[in-house]
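Me: I'd like a close look at one part of this protein, the salt bridges, and then how the rest is put together around them. Could you walk me through it?

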Amino acid sequence: MTLPILYSYRRCPYAMRARMALMYAGIAVEIREIALRDKPVHLLAVSPKGTVPVLITVQGDVLEQSLDIMHWALRQSDPDGWLSADDALTQQLITENDTSFKQTLDRYKYAIRFPEQPMETYRAHGEVFLAKLEHNLAQTEFLMGDKLTLADIAIFPFIRQFSAVDSVWFESADYTSLKAWLNLMLSSALFNSVMDKHPVYLG
C-alpha cells in the first residue's frame, strides 16, 4: 500500500470535510467511493460500523471519524494555520454542528420520516444555529475570524446541505452574511477540487 485509502461517499458532509482537509494538506489518497447499499467487504472488515469517511494510513492505522481524519491531515501539513484557531470556542461550535444541528438537519431534510412535527418546525429549530453563525459572520469574513480555519471546513458541508433542502426559502431568508460565506465556500477551488466523481469501488 503506497497511499492512504479513504473510503468516501461524494455527497456525505462528513466525507466532504475530510476530503477538503486532506486536499488542503496536500496528502494524496486512494479514494474508494462506496455505494451505501452495497458496502465493500474490506470497509466493513476494518470498520464494522460501515459509515464513511474511513481513512487507512500507510502504517495501517484506521481513522473512523471525520474530525480525526481532519486533525491527522493538519498535523502533517497546515500551511495556513487552520489549527491556530482550534480552541475551546471552535470545538464548541463544531460540537453543536455535529450534534443538535445535525439532528435537526436530518429531520428537516427527511421531514416525511419524522411526522411528529411539520417541516417548518424543524427548519426553525435549525435556524437557532444559523443565527449564531450569522452573528459571527456579520463581524468577520470567516466563522472564527478573518481567515479560513478548521471551523469553516468542518461546518460548511452541513450548511450547504441545509440550504439545499428548500433553496427558494434559503435564498429569501435574512442571513446575508451566512449566504455570502456559503457562496464563498461553494465557489472555492478547494471545495470544487474534492467534488470530482469517482467510480464506485467494487472490491
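Me: To start with one partner: does glutamate 30 count as buried, exposed or partly exposed, and at what relative accessibility?

Reply: Glutamate 30 counts as partly exposed, at 33% relative accessibility. The cut-offs here are under 20% relative accessible area for buried, over 50% for exposed, and partly exposed in between, with a 1.4 Å probe and protein chains only. Before going on, a word on the source: this is a predicted model, where local features need pLDDT of at least 70 and side-chain atom pairs count only at pLDDT 80 or more, while totals for chains, interfaces and linings use all residues. Residues are numbered from 1 along each chain as its sequence is written, and side-chain values use heavy atoms, with hydrogens and water left out.

Glutamate 30 forms a salt bridge with arginine 32, with 2.8 Å between the closest N and O atoms. (A salt bridge means a side-chain nitrogen of Lys or Arg within 4 Å of a carboxyl oxygen of Asp or Glu.) Arginine 32 is buried, at 11% relative accessible area.

Searching the whole structure turns up 5 salt bridges. One of them joins aspartate 98 to arginine 17, at 2.8 Å from N to O. This one ties together distant parts of the chain: aspartate 98 belongs to helix H4 (residues 88-109) and arginine 17 to helix H1, 81 residues apart. Helices (H or I, at least four residues) and strands (E, at least two) are DSSP runs, numbered from the N terminus. Arginine 17 is buried, with a relative accessible area of 1%.

Helix H4 also holds a salt bridge between aspartate 106 and lysine 102. These two sit 4 residues apart, about one turn of the helix, and their side chains meet at 2.8 Å, N to O. Lysine 102 is buried at 13%, whereas aspartate 106 is partly exposed at 23%.

Now the sheet. It is open, with 4 strands in the order S2-S1-S3-S4 and mixed pairing; two strands pair if DSSP finds at least two bridges between them. Strands S2 (30-33) and S4 (62-63) are at the edges with a single partner strand each, so one side of each has no neighbour in the sheet. Helix H1 (residues 13-24) packs on this sheet, touching S1 (5-8), S2 and S3, and its direction makes about 150° with that of S1. Contact means heavy atoms within 4.5 Å. Strand S3 (residues 54-56) runs antiparallel to S4, joined by 2 bridges, and leucine 55 has leucine 63 in S4 as its bridge partner.

Then there's the nonpolar interior. The largest nonpolar core has 51 residues, and Leu130, Ile155, Ile159, Leu178 and Trp181 touch the most other members. Such a core is a set of buried Ala, Val, Leu, Ile, Met, Phe, Trp, Tyr and Cys residues joined through side-chain atoms within 4.5 Å. Helix H6 gives this core its largest share, 8 residues. Leucine 130 touches residues including Phe101, Ile159, Trp169 and Leu178, leaving out those up to four places away in sequence.

Last, the axes of H5 and H8 come within 7 Å and cross at roughly 80°. Axes are lines fitted to C-alpha atoms, for helices over the stretch in contact, and angles run from 0 to 180 degrees between N-to-C directions. That makes H5 roughly perpendicular to H8, the label for 65 to 115 degrees (under 35 is roughly parallel, over 145 roughly antiparallel, the rest oblique). Leu130 and Leu133 of H5 are among the residues making this contact, as are Leu178 and Trp181 of H8.
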